[in-house]
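Q: I'd love a close look at one part of this protein, with the rest brought in around it. Could you walk me through its interior in one connected answer?

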Amino acid sequence: MKHAILFVLSAFFATQTLAAGLPENVLDDPTAIGPYDAVEANLSDFLWLKRAVVVFADTPADPRFTRQIELLEARPAPLIDRDVVILIDSDPKNPSEIRNTLRPRGFMMVLIGKDGEVELRKPSPWDVREITRAIDKMPLRLQELRDRRAAQDAELND
């Protein structure tokens with residue numbers, strides 16, 4: 001009986017995750033940046049693995065929302081290099097856990113670091129260049145760059 005209940009529950013949760021459009025490999029695949037629906041996402045899943053750019057709006061028709069998504073989709077390579085995942089929430093009537101936590105009013109773009117801390121809140125769309133500059137100033141990103149350089153140096157010296 002226990003096994004049947006576990007099977008049903010695991011199938012239910014797997015279906016819920018897939019229905020939200022959040023692929024199972026989003027944490028493992030560096031090129032899986034989204035945008036993904038934030039309704040079924042949990043920021044703790046991304047802790048120490050990905051930086052989240054969360055885009056909120058009261059409706060998907062908000063011009064700022066559509067502009068922000070266009071800007072993010074236009075240049076994915078710098079976001080992939082910085083381990084970014086894009087989450088969207090444009091339905092305040094069906095609030096996600098992330099919306100309840102961050103409490104946006106209207107349009108808002110939020111950058112969350114790998115440590116789970118809110119690094120940036122913006123009431124207007126930001127270009128990928130501006131977002132990556134903000135990421136590149138974060139202490140964890142600076143450490144990642146130092147580690148990458150040290151690994152490259154070690155490889156050259158071998």
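Which residues have the most contacts inside the largest nonpolar core?

A: Happy to take you through it; please keep in mind that this is a predicted model. The largest nonpolar core has 19 residues, and those with the most contacts inside it are V53, V55, L72, L79, M109 and I131. Two or more residues each come from β2, α2 (63-74), β3 (84-89), β4 and α5 (128-136). A second core lies apart from this one; it has 17 residues, among them V26, A41, F46 and M108.

L72 is a good place to zoom in. Leaving aside residues up to four places away in sequence, L72 touches V53, V55, L79, I86, V128 and I131. Four of the names in that list, V53, V55, L79 and I131, also appear among the core residues with the most contacts.

Now for the chain around these cores. The protein chain has six helices and five strands, and from the N terminus on its elements run α-β-β-α-α-β-α-β-β-α-α. Of its 158 residues, 35% count as buried. If you take the contacts between residues at least 6 apart in sequence, 68% of them join residues at least 24 apart. The accessible surface comes to about 9,500 Å², and carbon and sulfur atoms account for 55% of it.

One of the elements that contribute to the largest core, β4, also belongs to a hairpin. Strand β4 (residues 108-112) pairs with strand β5 (residues 118-122) in the antiparallel sense, over four bridges. I112 has V118 of β5 as its bridge partner. Five residues lie between the two strands, and in this hairpin G116 takes a positive phi near 90°.

Two residues other than glycine also have a positive phi, and they are worth a look, since most residues other than glycine have a negative one. D83 has a phi of about 55° and lies in the loop between α3 (76-81) and β3. D83 counts as partly exposed because its relative accessible area is 23%. R103, with a phi near 50°, sits in the loop between α4 (97-102) and β4. At 65% relative accessibility, R103 is therefore classed as exposed.

There is a backbone feature earlier in the chain, too. A cis peptide bond, with omega about 15°, joins G34 and P35. P35 is found in the loop between α1 (2-19) and β1.

Let's finish with the loop between β1 (36-37) and β2 (51-56), where L47 is placed. L47 is partly exposed because its relative accessibility is 35%, and together with W48 and L140 it makes a nonpolar surface patch of about 290 Å². D45 belongs to the loop between β1 and β2 as well. With a relative accessible area of 40%, D45 too counts as partly exposed. D45 and L27 are 18 residues apart along the chain, and their C-alpha atoms are separated by 8.1 Å.

Notes. Residues numbered from 1 in each chain as written. Predicted model: local features only at pLDDT ≥ 70, side-chain atom pairs only at ≥ 80, totals over all residues. Heavy atoms only, no water. Pairing = 2+ DSSP bridges. Patch = residues over 30% accessible without salt bridge, like charges linked within 9 Å, V, L, I, M, F, W, Y side chains within 5 Å. Areas by Shrake-Rupley, 256 points an atom, 1.4 Å probe, with all protein chains shown as cover. Salt bridge = Lys/Arg side-chain N within 4 Å of Asp/Glu carboxyl O. Buried < 20%, exposed > 50% of the residue type's maximum accessible area, 1.4 Å probe, protein only. Contact = heavy atoms within 4.5 Å. Core = buried A, V, L, I, M, F, W, Y, C linked by side-chain atoms within 4.5 Å.
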